[in-house]
Amino acid sequence: MTAAATKEHPTGLRVRVDGVSVSFAAPGGRLTALDGCSLDVPAGSFTVVIGPNGCGKSTLLRVIAGLLKPDRGVVHVGAAAPAPGDPRVGLAFQQPRLLPWLTTAENVALPLALRGVAPAERATRAKEALDRVGIGDAGQLSPRELSGGMAQRAGLARALITDPPVLLLDEPFSALDALTREAFDTELQRLWLQRPRTLILVTHSVPEAVRLADQVAVMTARPGSVARLVDVELPRPREVGIASDARATEAEAAIRASLASVHPPELAPWTGQA
Amino acid sequence: MRRLTGFVLSLAAFLAAWKVLTIVTGTPSYILPAPEVVGERALRAIGSGILWEHLWATLAEVILGFALGALAAVATGVALGKSVLIERVLSPYIVAAQAVPVLALAPLLDIWFGGGLFARVLVCALIVFFPIAIATMVGIRSADPLLREMLRSLGASPAQLTARLEIPSALPVIFGGLRVGVTLAVIGAVVAEWVSAGTGLGVLINIADQGLFDTPLMFVALAALGIIGLSFYSLVVLVERRLIHSA
């Protein structure tokens with residue numbers, strides 16, 4: 001049913017966030033996470049959302065995934081507002097979030113199991129999804145036996161198995177070491193080029209944003225909103241060495257300048273960061 | 001194998017200490033019979049069929065009572081864990097029922113259900129219920145909120161959330177409750193038998209006591225109860241090891 005969803009939308013779906021505010025009950029009042037946040041993500045584009053911890057990046061992804069209802073404003077995925085567990089949206093988290101009592105393949109096939117897909121088809125598609133993220137031989141392992149990077153790949157495979165037209169990635173590589181992370185970025189780009197879809201990645205790494213994004217949305221501090229959009233016009237596929245390209249340096253400077261302009265300097269340690 | 005050797009050695013030490021105690025104190029057999037006297041009495045009780053008759057009755061009560069109580073407790077525990085409203089409404093009654101000693105409730109159940117097997121099974125089920133229900137409730141609530149959100153993002157229904165996340169994460173805690181519950185079931189059976197006579201190891205203890213002063217037979221019944229409790233406890237642990245790989 002979801003495979004059909006992507007076939008209907010061969011290049012993904014447009015995502016529009018318009019004037020969205022979200023607040024949570026907190027000790028001693030309400031905490032406003034997003035305030036008047038707007039973002040337009042063209043169908044099939046690779047958008048990176050960047051900002052420091054606590055600026056509402058994750059909240060924004062949850063609103064797009066339909067897991068949080070905004071207090072004000074509207075969200076559209078394609079023509080309709082997203083619902084919790086929307087089959088058009090895949091979500092991968094900062095932690096792999098695998099169920100320890102299932103094998104890796106069973107974890108990857110979990111979205112299919114929840115929709116009543118037969119076991120034989122689940123196994124075939126889990127193998128395909130694991131192959132796509134480069135750990136085709138790990139299916140029978142327990143999540144406990146996976147390295148951090150492998151577990152994160154399994155989490156990505158789980159989000160990819162239903163082939164959703166919109167894929168949301170919430171800092172999926174932030175717990176990995178720098179080298180593994182670069183390899184991941186390259187692979188993520190390859191996966192996206194093979195199968196274009198709308199991809200929104202949350203990160204707080206400026207170089208990663210430049211390596212991956214068509215457009216970078218820079219967020220303000222909490223309550224968060226998108227302060228500026230920076231377009232990154234660089235040819236693909238981009239390699240790690242792209243950072244030395246003049247246009248990449250320019251884009252990176254523009255992103256850092258935007259971050260510096262919306263965050264007080266004492267709260268903006270990234271501005272000096274390589 | 002090593003575990004078995006350890007058990008045999010500790011049993012031998014226990015029996016030897018027991019034997020030494022009877023020799024040193026010179027206690028008469030109707031107060032503290034020596035182990036071989038109890039052993040010989042056990043063989044006679046087995047030979048005459050009296051032990052089996054009472055053992056089967058108690059065994060049936062323990063098995064049925066534990067099964068009924070555990071099933072009801074897990075179902076209730078899931079409901080308590082999932083709904084704060086249900087917990088608020090039900091928990092005062094559950095706690096109050098637990099606070100009343102089952103020994104005091106057994107005569108009432110005996111009147112209501114006519115002193116048959118069902119009344120005794122109910123006493124077992126009642127005593128088993130509390131620890132398992134509370135363990136299940138606590139276990140259900142202990143499910144990782146990050147995994148909960150992951151399943152929600154995949155569109156899992158509340159029933160799927162329970163089956164795929166809450167119960168599997170609660171299993172180690174539920175088994176803690178089952179371990180306690182299964183030994184309590186044996187206590188429940190004996191209490192119920194004392195209230196509504198018939199057959200059972202509790203009845204056998206009364207028979208041995210009343211006028212006969214057949215203390216060795218009493219010891220045989222006590223040992224049988226201990227063995228039942230130990231066997232069921234081991235069975236629960238075995239199932240737990242099978243189901244929970246990390247245990």
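These are my notebook entries on a predicted model with a chain A and a chain B.

**Entry 1: chain A overall**

I started by counting elements. Chain A has nine helices and nine strands. I then checked how spread out the chain is: its radius of gyration is 18 Å, close to the 19 Å that the globule rule gives for 274 residues, so chain A is as compact as a globular protein of that length. Along the principal axes, I get a span of about 55 × 45 × 40 Å for the C-alpha trace of chain A.

Next I looked at burial. In chain A, 45% of the 274 residues count as buried. I also looked at contacts in chain A with a separation of 6 or more, and 70% of them are accounted for by residues 24 or more positions apart.

**Entry 2: the six-stranded sheet**

In which order do the six strands of the open sheet in chain A lie? I read it as β5-β6-β7-β3-β8-β9, and the pairing is mixed. The edges belong to β5 (89–92) and β9 (226–231) of chain A; each has a single partner strand, so one side of each is left without a neighbour in the sheet. From one strand to the next, the twist averages 20 degrees.

I went through some of the pairs. In chain A, β6 (residues 166–170) and β7 (residues 198–203) run parallel and are joined by five bridges. Here I noted Leu169(A) opposite Leu201(A), the latter in β7(A). On top of that, helix α6 (residues 148–160) of chain A packs on the sheet, where it touches β5 and β6 of chain A. The direction of α6 makes about 170 degrees with that of β5(A).

**Entry 3: a closer look at β5(A)**

The edge strand β5(A) seemed worth its own entry. β5(A) pairs with β6(A) in the parallel sense, over four bridges. Gly90(A) stands opposite Leu167(A), which sits in β6(A).

Are the residues on the two faces of β5(A) buried or exposed? I found both faces covered. Val89(A) and Leu91(A) are buried on one side, and Gly90(A) and Ala92(A) are buried on the other. A reminder to myself: in a regular strand the side chains alternate between the two faces of the sheet.

**Entry 4: Leu156(A)**

I picked one residue of helix α6 of chain A to follow, Leu156(A). Why does Leu156(A) count as buried? I find 28 C-beta neighbours inside 10 Å of Leu156(A), and the cut-off for buried is 20 or more.

Leaving aside neighbours within four places in sequence, I list Ala92(A), Val133(A) and Pro172(A) as the contacts of Leu156(A). Ala92(A) I had already met as one of the buried residues of β5(A). I also checked Leu39(A), which is 117 residues from Leu156(A) along the chain; their C-alpha atoms are separated by 24 Å.

**Entry 5: the three-stranded sheet**

Chain A has another open sheet, this one of three strands in the order β2-β1-β4, with antiparallel pairing. At its edges I found β2 (29–41) and β4 (72–77) of chain A, each with a single partner strand, so one side of each is left without a neighbour in the sheet. Direction ignored, neighbouring strands of this sheet are turned by 30 degrees against each other on average.

Strand β1 (residues 15–26) of chain A runs antiparallel to β4(A), and five bridges join them. Asp18(A) stands opposite Val74(A) of β4(A). Which helix lies across β1, β2 and β4 of chain A? I noted helix α2 (residues 57–64) of chain A, running at about 115 degrees to β1(A).

**Entry 6: chain B**

Chain B has ten helices and zero strands. I put the C-alpha atoms of chain B in a box along the principal axes, and they fill roughly 70 × 50 × 30 Å. Of its 247 residues, 37% count as buried in chain B. Among contacts in chain B between residues at least 6 apart in sequence, 77% join residues at least 24 apart.

**Entry 7: where B touches A**

How many residues of chain B are in contact with chain A? I count eleven, against 14 residues of chain A. On the chain B side, α7 (145–153) and α8 (158–195) each supply at least two residues. The largest share, six residues, comes from α7(B). Sorted by class, the side of chain B that touches chain A has six nonpolar, three polar and two charged residues.

Technical notes. Residues numbered from 1 in each chain as written. Chains lettered and ligands numbered in written order. Predicted model: local features only at pLDDT ≥ 70, side-chain atom pairs only at ≥ 80, totals over all residues. Pairing = 2+ DSSP bridges. Axes fitted to C-alpha atoms, helices over the stretch in contact; angles between N-to-C directions. Contact = placed C-beta atoms within 7 Å. Nonpolar A, V, L, I, M, F, W, Y, C, P; charged D, E, K, R; others polar. Rg over C-alpha atoms; globule rule 2.2 N^0.38 Å. Buried ≥ 20, exposed ≤ 12 C-beta atoms within 10 Å, placed from the backbone.
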